[in-house]
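Q: Could you take me on a close look at one helix of this protein and at what lies around it? I am in my first year, so please go step by step.

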Amino acid sequence: LFSNYTGFVNVAGGEKTTIGRIAEIIKANIETTAKIYHKSEEECNQNMCSCADISVLRSLGWERQYSLEAGLKEEIEMIRNEG
């Protein structure tokens, strides 16, 4: 926000993860016994990880301040406090 850069920027943490992993982190933080079903990479026969290219962010001096787990936990707490 404080640079003169103009263009597209991926906003992400730069670590590989899967939707299944994100769902598991959320489940652990909302204290539910619900089951999450997702297939493994082997079952899908494809790479299930997602990782955004954050090279532009880094070139602008950005540094990650939260882990995926910490960011999701903070967001869940914010949602809880709104209700």
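A: Happy to! Keep in mind that this is a predicted model. Let's start with Glu77, which has a relative accessibility of 33% and therefore counts as partly exposed. To be called exposed, a residue needs over 50%, and buried means under 20%, so a value of 33% falls in between.

Now look for the partner of Glu77. Its side chain meets that of Arg80 in a salt bridge, with 2.8 Å from N to O. Side chains of opposite charge can pair when their charged atoms come close. Arg80 and Glu77 both sit in helix 4, and because they are 3 residues apart there, about one helical turn separates them. Arg80 is partly exposed too, since its relative accessibility is 38%.

The structure holds 2 salt bridges, and the other pair joins Glu69 and Arg21, whose closest N and O atoms are 2.9 Å apart. Here the partners come from two helices: Glu69 belongs to helix 4 and Arg21 to helix 1, so this bridge ties together parts that are 48 residues apart in sequence. Glu69 is partly exposed because its relative accessibility is 32%. For Arg21 the value is 39%, so Arg21 also counts as partly exposed.

Stay with helix 4 and find Gly71, which has its place in this helix. With a relative accessible area of 29%, Gly71 is partly exposed. Now follow the chain back to Gly13: the two glycines are 58 residues apart along the chain, while their C-alpha atoms are separated by 9.9 Å.

Gly13 brings us to the largest pocket, which holds about 450 Å³ of space. This pocket is lined by 21 residues, and those closest to its centre are Val11, Ala12, Gly13, Gly14 and Leu68. Which elements give two or more residues to the lining? They are helix 1, spanning 19–30, and helix 4, spanning 68–82. So the two helices tied by the bridge between Glu69 and Arg21 are also the ones named for this lining. If you sort the lining by class, you get 10 nonpolar, 8 polar and 3 charged residues.

Let's pause at Val11, one of the residues closest to the centre of the pocket. Val11 lies in the segment before helix 1. Is Val11 buried or exposed? Its relative accessibility is 75%, so Val11 counts as exposed. Val11 also has a neighbour from another part of the sequence to look for: Ile54 is 43 residues away along the sequence, yet the C-alpha atoms of the two are 7.0 Å apart in space. In addition, Val11 joins Tyr5, Val9 and Leu60 in making a nonpolar surface patch of about 360 Å².

For a last stop, go past helix 1 to Glu31, in the loop between helix 1 and helix 2 (41–44). The backbone angle phi of Glu31 is near 55 degrees, a positive value in a residue other than glycine. Glu31 counts as exposed because its relative accessibility is 71%.

To retrace the walk: helix 4 holds the pair Arg80 and Glu77, Glu69 of helix 4 is bridged to Arg21 of helix 1, and both helices give residues to the lining of the largest pocket.

Technical notes. Residues are numbered from 1 along each chain as its sequence is written. This is a predicted model: local features need pLDDT of at least 70, side-chain atom pairs count only at pLDDT 80 or more; totals for chains, interfaces and linings use all residues. Side-chain values use heavy atoms; hydrogens and water are left out. On a 1 Å grid over the protein atoms alone, a cavity is a set of points where a 1.4 Å probe fits but cannot get out, and a pocket is an open set with protein on both sides within 12 Å along at least five of seven lines; lining residues have an atom within 4 Å of a point. Grid points are joined across faces, edges and corners, and a volume is the space filled by probe spheres set on the points. Helices (H or I, at least four residues) and strands (E, at least two) are DSSP runs, numbered from the N terminus. Ala, Val, Leu, Ile, Met, Phe, Trp, Tyr, Cys and Pro count as nonpolar, Asp, Glu, Lys and Arg as charged, and the others, Gly among them, as polar. Patches are made of residues with over 30% relative accessible area and no salt bridge: like charges are joined within 9 Å, nonpolar side chains (Val, Leu, Ile, Met, Phe, Trp, Tyr) within 5 Å. Accessible areas come from the Shrake-Rupley method with a 1.4 Å probe; for residues, only the protein chains shown count as cover. A salt bridge is a side-chain nitrogen of Lys or Arg within 4 Å of a carboxyl oxygen of Asp or Glu. Buried means under 20% relative accessible area, exposed over 50%, partly exposed in between (1.4 Å probe, protein chains only).
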